[in-house]
Each structure stands twice: as structure tokens, then as C-alpha cells.
Amino acid sequence: MIPPQFTYFAPTTLHEALTLLRHYGSEAKLLSGGQSLIPLMKLRLATPAYLIDINRIPGLDRLHESNGFLHIGALIREADLERSELVRTQYPIVRDTARVIGDPLVRNLATVGGNLAHADPANDHPATLLALEAEVVATGLDGERTVPVAEFFTDFFTTALRPDEILTEIRIPAPIAGSGGAYIKLERKVGDFAIVGVAAQVTINTMGICTRAGIGLTNVAPIPLKVHTAEAFLQGQHLDQDSITHAAQLAAEAARPEADLRGSIAYKRDMVRVLTSRALTRALERASGPTA
Ligand SMILES: Cc1cc2nc3c(=O)[nH]c(=O)nc-3n(C[C@H](O)[C@H](O)[C@H](O)COP(=O)(O)OP(=O)(O)OC[C@H]3O[C@@H](n4cnc5c(N)ncnc54)[C@H](O)[C@@H]3O)c2cc1C
């Protein structure tokens with residue numbers, strides 16, 4: 001299908017984009033990679049009168065580590081994450097996530113900022129960023145504020161972003177020694193959205209005791225889920241097969257999947273259990289040795 005007519009803006013500064021956004025309000029939509037918005041417009045499920053293309057705004061495409069954080073600019077593409085040596089060596093869970101999103105054509109355009117702002121519970125980055133306790137930077141004409149990812153997803157396809165704000169950056173705390181993480185996704189075929197996805201990030205001390213655990217789930221609730229019960233249980237535990245098995249069971253109990261063409265409730269819940277166990281095991285391997 002062909003989208004309805006719209007007026008297109010291509011601002012070259014953040015201030016210009018924010019001014020347009022405030023002026024046109026709910027009639028406007030921001031355009032990043034277009035991989036979610038354009039299909040919706042073609043199906044006429046989204047009919048914005050004004051499109052504000054933020055791709056020409058300098059500075060939103062930076063990927064760097066500073067002040068104890070990995071900074072991911074809103075316009076960083078999935079392919080940038082896949083190719084980054086910094087991400088491969090220091091944040092392998094982020095690379096795990098980027099490389100299972102759609103296909104190479106999608107990943108060349110789709111942005112991390114758009115992935116979060118769109119707030120599709122089937123999107124993969126939210127679970128990983130929940131596990132990593134990341135935060136997003138929301139910028140408006142009145143300044144910027146940071147929102148923990150754990151407070152960012154407020155409802156189905158809904159975020160804490162105000163209508164006149166742009167998500168400008170994602171900040172991930174740099175992992176301390178003894179940390180490792182992994183994202184594992186079950187899909188019907190390569191390139192599909194997740195039946196279930198699980199992100200796990202752990203930190204262990206020299207005795208093998210878990211001092212921090214983060215677990216996020218994809219597509220098993222109206223919003224991405226952070227599994228507080230399993231995280232709290234793991235803290236202080238020796239991270240081994242027994243504790244991992246129990247944490248995986250807690251994650252399965254926390255999931256709130258719905259039956260659809262990807263599977264029944266019981267199947268999805270059990271896949272949460274299986275994938276949580278695998279993600280924690282992989283996270284532990286990475287925390288214990290060189291990242292892979
Ligand atoms: C064939 C296909 C397969 C896919 N498979 C997967 C998958 O397996 N896993 C997955 O996670 N995703 C998947 N996607 C979705 C893809 O990752 C999307 O591109 C992503 O969710 C949105 O990013 P975008 O840059 O394309 O955003 P856009 O489509 O440009 O925008 C999406 C929404 O977010 C808003 N927005 C965008 N950027 C910002 C910003 N910086 N600040 C505020 N609001 C903003 C827009 O206004 C719009 O409402 C797939 C897409 C396609 C087409």
C-alpha cells in the first residue's frame with residue numbers, strides 16, 4: 001500500500017527538530033530508520049500529517065565509552081553495533097541482540113533509539129537494556145532528563161517519552177570485572193520477531209558468588225519484563241546449575257504471555273524457563289572468562 005500524503009521535514013539541528021515537534025504535536029512523527037514507522041504508514045495504521053526526519057542531525061550517531069557508560073546515540077544502527085569492536089569485546093550481550101534483529105537490510109537502517117521509542121514488546125533491545133540497567137536520555141526544548149529503562153516502558157507500545165521529546169541517547173553502565181551477559185532469542189525462522197527472548201547479565205566475585213543479576217524478557221507481556229524475583233534470588237547465591245535452574249523457574253512464573261500463532265501460553269512459559277537457563281549459563285561463562 002501507499003501511505004497517505006504527509007509533509008516532510010529534514011531538520012539539521014536538534015533544536016529545529018524539537019521546535020517542529022512542539023509545533024505540530026500529535027500530528028507529527030519522528031522518522032529514524034523507518035523500519036517500523038514506514039510499514040505502519042503503508043498499512044495506514046499510522047497517518048502522521050508531518051514527518052520529522054532526524055537522520056541529518058549531527059551528533060546522534062556517536063557510539064563511545066566515557067564516564068563509566070557506553071553511550072549509544074539514538075541514530076546508531078543495528079549494523080553499527082554488530083560491527084563495533086568495543087561492543088564485541090566489552091558488551092557482547094548487546095551484539096547478541098543486534099545480530100538477531102530482522103535481516104541485514106533491516107539492520108542497516110533500524111536504529112536503537114527507534115527500537116526503544118517504538119516500544120513493541122516483541123522488539124529485542126528492551127530486554128537487554130533492562131538486564132543491563134541502562135537509561136535513556138530524553139531531550140526537549142526545556143533540556144534533557146534521564147529515564148531508567150526500567151521506568152521507560154509504561155504500557156503496550158507506550159513509553160515515558162513526552163510528546164515533545166526526542167530520545168537522544170542510551171547509556172549502559174560499563175561492566176565491572178567479573179561481569180558477563182547474553183541474549184538468546186527463539187524465533188520461528190531467521191529474521192522473525194521473537195517467540196520469546198531472554199537477556200541475562202550477571203556479575204560474580206572471585207568465590208563464584210553472584211553480586212548482581214539482571215534478567216529481561218522479550219514478547220511475553222504487554223511490555224518488556226524485568227524479572228525482579230529471579231534477580232533478587234540470584235544475588236548472594238553461588239551461581240551454579242541449581243541456582244540457575246531455580247532462577248529460570250522464577251522467570252517462567254513471572255512471564256505473562258498470550259497464546260497466538262507463535263505458540264500457547266504453556267509453551268511460551270516453558271521457553272522462558274529454557275532460555276533463561278541458557279542465557280544465565282552463557283552469561284556465567286562470559287563472566288568467568290574472556291568475552292566471546
Ligand atoms: C522485516 C522486519 C523485521 C524486523 N524484525 C525485528 C526483530 O526481530 N527485532 C526487533 O527488535 N525489531 C525488528 N524490526 C523492527 C526494527 O528493529 C525497527 O526498525 C525498530 O523497532 C524501530 O527503529 P527505526 O529506527 O526503524 O524507527 P522508525 O521506524 O523510524 O520509528 C519507529 C517509531 O519510533 C519513533 N521514534 C524513532 N526514533 C525516535 C527517537 N529518537 N525519539 C523518539 N521517537 C522516535 C517514531 O516516531 C516511530 O513512532 C523489524 C522490522 C522489519 C521491517
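Start by selecting strands S6 and S7, which a hairpin joins through two residues; helices (H or I, at least four residues) and strands (E, at least two) are DSSP runs, numbered from the N terminus. The model is predicted, so that local features need pLDDT of at least 70 and side-chain atom pairs count only at pLDDT 80 or more, while totals for chains, interfaces and linings use all residues. Residues are numbered from 1 along each chain as its sequence is written, and side-chain values use heavy atoms, with hydrogens and water left out.

With residues 135–140 (S6) and 143–148 (S7) still selected, you will find the two strands running antiparallel and joined by six bridges, where pairing requires that DSSP finds at least two bridges between two strands. Within this pair, Val136 stands opposite Val147 in S7.

Move next to S11 (residues 179–187) and S12 (residues 194–204), which pair in the antiparallel sense over nine bridges. Ser179 stands opposite Thr203 in S12, and in the hairpin of these strands, which has six residues between them, Gly191 takes a positive phi near 95°.

Now select the ligand together with its shell, meaning residues with a heavy atom within 4 Å of the molecule. This shell holds 30 residues, the closest being Leu30, Ser32, Gln35, Thr111 and Asp124. By class, 14 are nonpolar, twelve polar and four charged, where Ala, Val, Leu, Ile, Met, Phe, Trp, Tyr, Cys and Pro count as nonpolar, Asp, Glu, Lys and Arg as charged, and the others, Gly among them, as polar.

For polar contacts (pairs of N or O atoms within 3.5 Å), show the oxygen atoms of the ligand one after another. One ligand oxygen is 2.8 Å from a polar backbone atom of Gly33, an oxygen is 2.9 Å from an N or O atom in the side chain of Asn115, and a polar side-chain atom of Lys29 lies 3.4 Å from a ligand oxygen. Of the 960 Å² of accessible area that the ligand has on its own, the protein covers 90%, by the Shrake-Rupley method with a 1.4 Å probe.

Finally, colour the elements that give two or more residues to the shell around the ligand, which are strand S2 (28–31), helix H7 (112–118) and strand S10 (166–173). H7 gives the most, with four residues.

Definitions and conventions
Polar contact = N/O pair within 3.5 Å; in protein donor to acceptor, adjacent residues only side chain to side chain.
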